[in-house]
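I opened the notebook to go through this entry piece by piece. The notes below follow the order in which I looked things up.

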Amino acid sequence: MKPRYLVPIIYILFLLLPIYWLIAMSFKTTNEILGGFSLFPQNFTLDNYRTIFTESVWYWGYFNSILYVSLNTVISLIAALPAAYAFSRYSFIGDKHLFFWLLTNRMAPAAVFALPFFQLYSSVGLFDTHLAVALAHCLFNIPLAVWILEGFMSSVPKELDETAYVDGYSFHRFFITVFIPSIKAGVGVAAFFCFMFSWVELLLAKTLTAVDAKPIAATMTRTASSAGYELGLLAAAGVLTIIPGAIVIYFVRNYIAKGFALGRV
Amino acid sequence: MKTVNQHGWLFVLPVLLLVAFNALVPLMTVVNYSVQETFGNNQFFWVGLRWFEEILQSERFHAALGRQMLFTVTILIIEIPLGVAIALAMPRRGFWVPVCLVLMSLPLLIPWNVVGAMWNIFTLPDIGLLGYTLNNVLGIDYNMTQDPLAAWITVIVMDVWHWTSLVVLLSYAGLISIPEAYYQAAKIDGASNWSVFRHIQLPKMKRVLTIAVLLRFMDSFNIYTEPFVLTGGGPGNSTTLLSIDLVKVALGQFDLGPAAAMSLIYFAITLAVSWLFYTLMTRDDR
């Protein structure tokens, strides 16, 4: 082993320590946690997880999160695919300004928008629905998806489009059956980033929901404060929020790095 | 060469509508509030630019802005070189590459309030792994709920833990796009490791590093959830960054006018710095 590999190894250990601690906590009883320090769970218990899987407030939190995150990923991709195609293939009035304007939407602090978002979505009758959160997250996910997809599309030679037209394909048929499959890695990467940023964002999701669409992370903060100091339960819920992301990242591991490398800036 | 085709606008329309709905309506609401005074009951009075003047002169805003600048500059100074160094040290191919990438991406996928909660239990003085080790094994007096310096260091270490991987992923993507032939040419010329880095790797990483600095700048400048869950802005006001202060004014005191004016100033600063950096970095390209 080369000595330089120590750098990533130490870094990964540093990353895993707090995660280990969260996992260890989730298998401890509240008494053990508050009773003193122990590196491993002494009275190994699954009670914390049992509570989450049997109480509907908890497991509905997961369903809600997964539902609006998936909805957001689908909306973002459907809207971003044609837009990215236009930015990559056509030149039209104002295209560069439009592209920069899209990116500026990532710069607006979510804390600034929380209250106006609440008013906006209440006034259109979408408050406390999954659709509201999914649409609100489009604010930062669509620009990112357009940016990533544009990079992938620009690396596909224009001859592909021209050959398809010569062969008599209509635009729609070409776009759906030839073009999109040729950039499926890019679609995967864009989907991953939409999923990721929608999954981790909480401020807007919390502002736009009350009961029916409340995300899991919000359930955690509210339950934790109302039920006192239930650290074990909090830790177990935290561990479960890591799992969906870990599954998604496993599937796109080979494309992540590439996705950014091809993006344009 | 791209074809000039005004139909491009049709393709962009759905994106335009969705983003405009989310961006312009709330932005106009904020602009509206920023020039008015309200006493509740939906009664508003025009006050012109008074809130802007008050905020630009208020010591509270200066202090929060100062803390925010200090935080953002510190994490950029740590995360960017560290991320590049880790990317350089990583293997380029083989079984361990995906393993490294998956493990390193883990922190990026944890909801932000869970990150805060996780660091909270990690650093509890007597029962957290870090808190216990520092206090009882190494004998360092550490309690971030009392000591402002400890709170600052904890918030910064948490951000480094959370976001350095993004810099690593981006730099690594830049590195693997360098053709092998470049390294062979450098070897023939007898170039040192430093000159390979300075003249081959760094220029090739310029684009992705620009993205990394921009993303890290924007996101750290807007950071709210993680430090709020970890320290609540305390002890005292010591870790009250701009967003935390803003939410205190807007929702805690319900001073909508000043809060709106503050968010516009805040947004303008982010926009100006990002634009300046973006223009400087891409100036040579075209």
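Entry 1. Is Asp245(B) buried or exposed? I looked up the relative accessibility of Asp245(B) and found 4%, so I put the residue down as buried. I keep in mind throughout that the model is predicted.

I then looked for the partner of Asp245(B). The side chain of Asp245(B) meets that of Arg60(B) in a salt bridge, at 2.9 Å from N to O. I placed both ends: Arg60(B) lies in helix 3 (residues 59-89) of chain B and Asp245(B) in helix 11 of chain B, 185 residues apart, and the pair links distant parts of the chain. Arg60(B) has a relative accessibility of 38%, so I entered Arg60(B) as partly exposed.

Entry 2. I went on to the other salt bridges. Over all chains the count comes to five. One of them joins Arg89(A) to Asp161(A), with the closest N and O atoms 2.9 Å apart. Arg89(A) belongs to helix 4 (residues 56-89) of chain A and Asp161(A) to helix 8 (residues 159-166) of chain A, so this pair ties together parts that are 72 residues apart in sequence. I checked the accessibility of each end. Arg89(A) comes out at 4%, which counts as buried. Asp161(A) has a value of 4% and counts as buried too.

Back in chain B, I found a salt bridge between the side chains of Arg216(B) and Asp159(B), at 2.8 Å from N to O. Here helix 9 (residues 193-221) of chain B supplies Arg216(B) and helix 7 (residues 148-176) of chain B supplies Asp159(B); the two residues are 57 apart, and the pair links distant parts of the chain. I noted both Arg216(B) and Asp159(B) as buried. The pair does not stand alone: salt bridges with shared partners join Glu79(B), Asp159(B) and Arg216(B) into one network.

Entry 3. I looked up Ser238(B), which sits in the loop between helix 10 (225-231) and helix 11 (242-252) of chain B. Its relative accessible area is 15%; the cut-off for buried is under 20%, so Ser238(B) is buried. What does the side chain of Ser238(B) reach? I found the backbone oxygen of Pro235(B) at 2.7 Å. Leaving aside neighbours within four places in sequence, I listed the contacts of Ser238(B) as Arg67(B), Pro148(B), Trp152(B) and Gly233(B).

Entry 4. I turned to the interface of chain A and chain B. Chain A brings 93 residues to the contact and chain B brings 94. About 8,500 Å² is buried between the two chains, with 79% of it on carbon and sulfur atoms. How many salt bridges cross the interface of chain A and chain B? I found zero. For polar contacts between the two chains I noted 12 residue pairs, counted with both residues at pLDDT 80 or more. On the side of chain A that touches chain B, helix 1 of chain A gives the most, with 13 residues. I sorted the residues of that side of chain A into 75 nonpolar, 12 polar and six charged.

Entry 5. I finished with the domains of chain A. The domain assignment gives domain 1 as 1-45 and domain 2 as 56-262. I noted 31 Å between the C-alpha centres of the two domains of chain A. Which residue counts describe the contact between them? Nine residues of domain 1 of chain A touch eight residues of domain 2 of chain A. The area buried between these domains is about 650 Å², and carbon and sulfur atoms give 84% of that. I looked for salt bridges across this domain interface and found zero. Residue pairs in polar contact between the domains, both at pLDDT 80 or more, also number zero.

On the side of domain 1 of chain A that touches domain 2 of chain A, helix 1 (6-26) and helix 2 (30-35) of chain A each supply at least two residues. Helix 1 of chain A accounts for the largest share of that side, five residues. I entered the make-up of this side of domain 1 of chain A as six nonpolar, two polar and one charged.

Terms used
Residues are numbered from 1 along each chain as its sequence is written. Chains are lettered from A and ligands numbered from 1 in the order in which they are written. This is a predicted model: local features need pLDDT of at least 70, side-chain atom pairs count only at pLDDT 80 or more; totals for chains, interfaces and linings use all residues. Side-chain values use heavy atoms; hydrogens and water are left out. Domain bounds come from an automatic or database domain assignment. Contact means heavy atoms within 4.5 Å. Buried area is the accessible area (1.4 Å probe) that two parts lose on being put together, summed over both. A salt bridge is a side-chain nitrogen of Lys or Arg within 4 Å of a carboxyl oxygen of Asp or Glu. A polar contact is a pair of N or O atoms within 3.5 Å; within protein, one must be able to donate a hydrogen and the other to accept it, and residues adjacent in sequence count only if both atoms are side-chain atoms. Helices (H or I, at least four residues) and strands (E, at least two) are DSSP runs, numbered from the N terminus. Ala, Val, Leu, Ile, Met, Phe, Trp, Tyr, Cys and Pro count as nonpolar, Asp, Glu, Lys and Arg as charged, and the others, Gly among them, as polar. Buried means under 20% relative accessible area, exposed over 50%, partly exposed in between (1.4 Å probe, protein chains only).
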